[in-house]
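Dear colleague,

I am passing on the structure we spoke about, with the sequence alongside. Please look it over first; my notes on the nonpolar packing and the aromatic rings follow below.

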Amino acid sequence: MQYVRIQNISDPLFASMHRLMQEVFPPEEVLDFDLWKEPLEDPGIRVFVAVVNGEVVGATEYRYYTDLNVAMTDFTIIGREGLGIGRFLARERQKDLMNLAKENGKELYGMFAEIYDPYRVQEHAFGGIKPMDPFVRREVLSHLGYKRIDFPYVHPSWQNDGEAVAGLDLCFMPTNEDQQELEASLVKTFLTRYYAVLPQKPKAWHDMVEDLAGRETLALRLI
């Protein structure tokens, strides 16, 4: 299995990856094909696919924020069962991030991820791929060390229509497994930067960010 970075919209592997995203994720979670041009060319956004015999069988997108010393896992797709794709992607991503932090003269502080709450969102079939089932994914990410950040979370729709998307938790995987809380200012700064690309944000999102500004710390809960 190969871990291949995609940096251009014209890369044939990207077309395969985008089709896979449309099969797996709900429409509001998938950025339109043409809108991927700038993100793919952004050196700070890292999009990798797992390739077996020329076929894209999985993908992950993530980014590392040098000044914050944190990462964000945008998504992970497992397109086939029985190949160990999830473990492969998680291992390769972690190695890459650790190297980026080392080049920055630091040890990675931790990594954010949005995780579906299957008890609130049950209609997503995720293409019928069982490893992508919200119950399975949540358990796997818990085993990896992710913890739920304890605050009411919504995010703007990636369709940029100003709608609020609920049914997810913002989670954090601290490098220090014993860490029990996170700075609210870090969460606010991260979310403000991460969603700067979407000009149409719902009132619920702005209210959430304003609430974060009035807090000092947020508890990290088991998921």
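Please keep in mind throughout that this is a predicted model.

I began with Met 17, which, leaving aside residues up to four places away in sequence, touches Ile 6, Trp 36, Val 47, Val 49, Val 56, Ala 59 and Phe 75. Met 17 belongs to the largest nonpolar core, which has 48 residues, and it is listed among those with the most contacts inside that core, together with Phe 112, Ile 149, Phe 151, Val 187 and Leu 191. Several elements each supply at least two residues of this core, including the helices α1 (12–24), α5 (184–194) and α6 (203–213) as well as the strands β2 (45–52), β3 (55–65) and β4 (70–78). Separate from it is a second core of 22 residues, in which Val 57, Ala 71, Ile 85 and Tyr 146 are included.

Turning to the rings, the structure holds 14 aromatic pairs. In one of them, Trp 36 and Phe 75 meet edge-to-face, with 6.3 Å from centre to centre and 80 degrees between the planes. Because Trp 36 lies in the loop between α1 and α2 (37–41) whereas Phe 75 is in strand β4, this pair ties together parts that are 39 residues apart in sequence. Both Trp 36 and Phe 75 are buried.

There is also an aromatic cluster formed by Tyr 65, Tyr 109, Phe 112, Phe 172, Phe 190, Tyr 194, Tyr 195 and Trp 205. Over the ring of Trp 205 sits the charged end of Lys 201, at 5.4 Å from the ring centre.

With best wishes

Key:
Residues are numbered from 1 along each chain as its sequence is written. This is a predicted model: local features need pLDDT of at least 70, side-chain atom pairs count only at pLDDT 80 or more; totals for chains, interfaces and linings use all residues. Side-chain values use heavy atoms; hydrogens and water are left out. A nonpolar core is a set of buried Ala, Val, Leu, Ile, Met, Phe, Trp, Tyr and Cys residues joined through side-chain atoms within 4.5 Å. Buried means under 20% relative accessible area, exposed over 50%, partly exposed in between (1.4 Å probe, protein chains only). Helices (H or I, at least four residues) and strands (E, at least two) are DSSP runs, numbered from the N terminus. Contact means heavy atoms within 4.5 Å. Rings of Phe, Tyr and Trp (its six-membered ring) pair if their centres lie within 6.5 Å; planes under 30 degrees apart count as stacked, over 60 as edge-to-face and the rest as tilted. A charge sits over a ring if NZ of Lys or CZ of Arg is within 6 Å of the ring centre and within 35 degrees of the ring normal.
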